[in-house]
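I opened the model to look up two side chains and one helix pair, and I note below what I found for each.

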Amino acid sequence: MRADRLLSLLLRLQSRGQVTARQLASELEVSVRTVYRDLQALSAAGVPVVASGGPGGGCRLMEGWRSPLLGISAEEATGLLAVASGGGPLERIALGDVLAQARLKLLSALPAAGREQVSLAASRFHIDTQAWFKPPEPVAHLTVLVDAVRRGRRLRVRHVQRDAWSDVDPLGLVVKAGVWYLVVRSDTGIRAHRASRITEAELLPETFARPADFDLPAYWARWTAEFETSLDQLPVTVRLSTAGLAALPQVLGDTEAAARAIPDPEEPGRHRLVLHFDDRHAACRRLLGFGPDAEVLEPADVRGEVAETARRTAARYGIASDPMP
């Protein structure tokens, strides 16, 4: 649409100062003649555009003139630019299309003297939402889910664990560690579904009324807390060396567990900590990642399974091991 193009042209002039017509034509994907026509349209609308030809010439706005598109401080712009520049999962959906335009608007709202400083400050922050060692999880019907959430349309979905279709009200989408979740309302209440496990999705023609008191961030905070609590039911007491304590974030992905450790009363220099796991087998698999830097104290069945697995591993490598208590 021409209105969108005129706005993009104005924002480029306001955020970058003087630009050649050829550069503008390339960025806006139009001809140089179209750029000059658009500049004339801006001028007719009261925007003081100055165009000069020859070497060193170009298109610019009259010195000191700024469009009142946004009112924002340098500190606010720095924070928002850092977030908008991250892209991440938003680049995979329609919302990613507007990030470049949003960044341009933020810069154009600042006085010319402060733009370079804000851009430099924002470039020193980067937000990476993807989990370690994992590619982005594919979501076959992400475009349909996004469309339904944005337009407030009902969805008919089929889940990998269910053979039947169900109609739901899509209340929101959440990305956690690179994984998409769809929060829906159905006959059974409000629930969160891992979007990659939705095998089929169909946009329905009817809209729905959102619950007036529904707050997506608040719901997600409650849901994740309940989910984590429901999974980690088995407490395991371990004794860790200093190296084992430092390895907690790497082995378990828990950056806060070390703060709960206390000095071990029986072995100076080591630390005692209670960790939680889904079950005995999960505890064994994960605790073996510490090697000799972790010793299971209780419960006895977890200690026994870790010891037996360690003996079998040593035997696999042809290494004799002494019986462990």
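I looked up Arg12 and noted it as buried, because its relative accessibility is 16% (buried means under 20% relative accessible area, exposed over 50% and partly exposed in between, with a 1.4 Å probe and protein chains only). The model is predicted, so I kept in mind that local features need pLDDT of at least 70 and side-chain atom pairs pLDDT 80 or more, while totals for chains, interfaces and linings use all residues. Residues are numbered from 1 along each chain as its sequence is written, and side-chain values use heavy atoms, without hydrogens and water.

I placed Arg12 in helix H1, residues 2–16 (helices are DSSP runs of H or I with at least four residues, numbered from the N terminus). I found its side chain joined to that of Glu27 by a polar contact of 2.8 Å (a pair of N or O atoms within 3.5 Å, one able to donate a hydrogen and the other to accept it; residues adjacent in sequence count only if both atoms are side-chain atoms).

I turned next to Leu248, in helix H10, residues 248–252, which counts as buried at 0% relative accessibility. Leaving out residues up to four places away in sequence, I listed its contacts (heavy atoms within 4.5 Å), among them Leu240, Leu273 and Phe290.

I then checked H11 (residues 280–287) against H12 (residues 300–316), whose axes come within 9 Å and cross at roughly 50°. The two helices are therefore oblique to each other (not under 35 degrees, over 145 or from 65 to 115).

Definitions and conventions:
Axes fitted to C-alpha atoms, helices over the stretch in contact; angles between N-to-C directions.
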